[in-house]
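Dear colleague,

I am handing over the structure we spoke about, and below it you will find what was found in it. Please read the notes with the sequence and the structure open beside them.

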Amino acid sequence: MVETGKATGPKKPQRFLGVTFIKEELCKGCAFCIEFCPTDALETSTQFNAKGYHYPILAREEDCNGCDLCGLYCPDFAIFGVRWNNPDYKGRQANEGKEDK
Ligand code: SF4
Ligand code: SF4
C-alpha cells in the first residue's frame with residue numbers, strides 16, 4: 001500500500017468548490033498540472049489524444065477547489081480551473097460582508 005501522508009476520516013466542507021476544463025487535444029502530456037495540483041484532484045488518463053499523449057482527467061471532482069494552478073502551470077493552455085463559494089462552508093470567512101443582527 002502506498003502511504004500518501006493525507007489524513008483520513010470525514011472531510012470538512014472546503015471554502016471553495018471547483019471544476020476544471022480540459023482541452024484534451026492541446027495537451028502534450030507533461031503532467032505539470034497533475035504534479036502541481038495542491039489537492040491531488042487530477043490523474044493521467046489511460047486514453048491518448050490524437051497526438052499520442054496521455055491527457056489529465058479530473059479524477060476527484062470533490063477535491064478540486066478551482067484554484068487554477070493547473071492552468072497557470074500548463075505550458076499549452078490546455079486546462080483551467082473555475083471556482084465558486086461553497087454554500088456549506090461555515091468558516092469565519094463565510095460571514096465576511098454580512099452585518100450582525
Ligand atoms: S483548479 Fe486547482 S484544485 Fe482543481 S485541478 Fe486545477 S490545480 Fe487542482
Ligand atoms: S500541464 Fe497542460 S500540457 Fe501538461 S499534462 Fe497538463 S494539460 Fe497537458
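Asp68 has its place in the loop between β3 and α2, and in this predicted model its phi is near 70°, a positive value in a residue that is not glycine. Asp68 counts as partly exposed because 16 other C-beta atoms lie within 10 Å, a number between the limit of 12 or fewer for an exposed residue and that of 20 or more for a buried one. Phe77 also takes a positive phi without being a glycine, in this case near 55°, and its place is in the loop between α2 and β4, the strand of residues 79-85. With 10 other C-beta atoms within 10 Å, Phe77 is exposed.

To set these two loops in the whole, the secondary structure of the protein comes to two helices and four strands, which follow the pattern β-α-β-β-α-β when read along the sequence. Of the 101 residues in the protein, 18% are buried. If one takes the contacts between residues at least 6 apart in sequence, 63% of them join residues that are at least 24 apart.

The model comes with ligands, and I have looked at the surroundings of two of them in turn.

Which residues are the closest to ligand 1? Among the 14 residues that surround ligand 1, the closest are Cys37, Cys64, Cys67, Cys70 and Gly81. The elements that give two or more residues to this shell are β1, residues 16-22, and α2, residues 69-73. By class, the shell around ligand 1 is made up of seven nonpolar residues, six polar ones and one charged one.

Ligand 2 is likewise surrounded by 14 residues, and here the closest are Cys27, Cys30, Cys33, Cys74 and Ala78. Two or more residues of the shell come from each of α1, residues 32-36, and β3, residues 54-58. The residues around ligand 2 divide into eleven nonpolar, one polar and two charged.

Several of the cysteines just named return in the nonpolar core. In soluble globular proteins, nonpolar side chains tend to be buried together. The largest nonpolar core of this model has 13 residues, and those with the most contacts inside it are Cys33, Cys37, Ala41, Leu42, Cys70, Cys74 and Ile79. The elements that give two or more residues to this core are α1 and β3. Cys37, which is one of the closest residues to ligand 1, touches Leu42, Leu69 and Cys70 when residues up to four places away in sequence are not counted.

Two further residues show how distant parts of the chain meet. Is Thr20, which lies in strand β1, buried or exposed? Thr20 is buried, because 22 other C-beta atoms lie within 10 Å and 20 or more are needed for that class. Leaving aside neighbours within four places in sequence, Thr20 is in contact with Leu58, Cys64, Cys70, Ile79, Phe80 and Gly81. Among these partners, Ile79 is 59 residues from Thr20 along the chain, and the C-alpha atoms of the two are separated by 6.8 Å.

Ala31, in turn, lies in the loop between β1 and α1, and with 17 C-beta neighbours inside 10 Å it counts as partly exposed. The C-alpha atoms of Ala31 and Cys74 are 8.5 Å apart, although 43 residues separate the two along the chain.

The last part concerns the pairing of strands. Strand β2, residues 42-48, and β3 pair in the antiparallel sense over four bridges. Thr44 has Pro56 in β3 as its bridge partner, and Phe48 has His54 in β3 as its own. The hairpin of β2 and β3 has five residues between the strands, and within this hairpin Gly52 takes a positive phi near 90°.

With best regards

Terms used:
Residues numbered from 1 in each chain as written. Chains lettered and ligands numbered in written order. Predicted model: local features only at pLDDT ≥ 70, side-chain atom pairs only at ≥ 80, totals over all residues. Near = placed C-beta within 6 Å. Nonpolar A, V, L, I, M, F, W, Y, C, P; charged D, E, K, R; others polar. Contact = placed C-beta atoms within 7 Å. Core = buried A, V, L, I, M, F, W, Y, C linked by C-beta atoms within 7 Å. Pairing = 2+ DSSP bridges.
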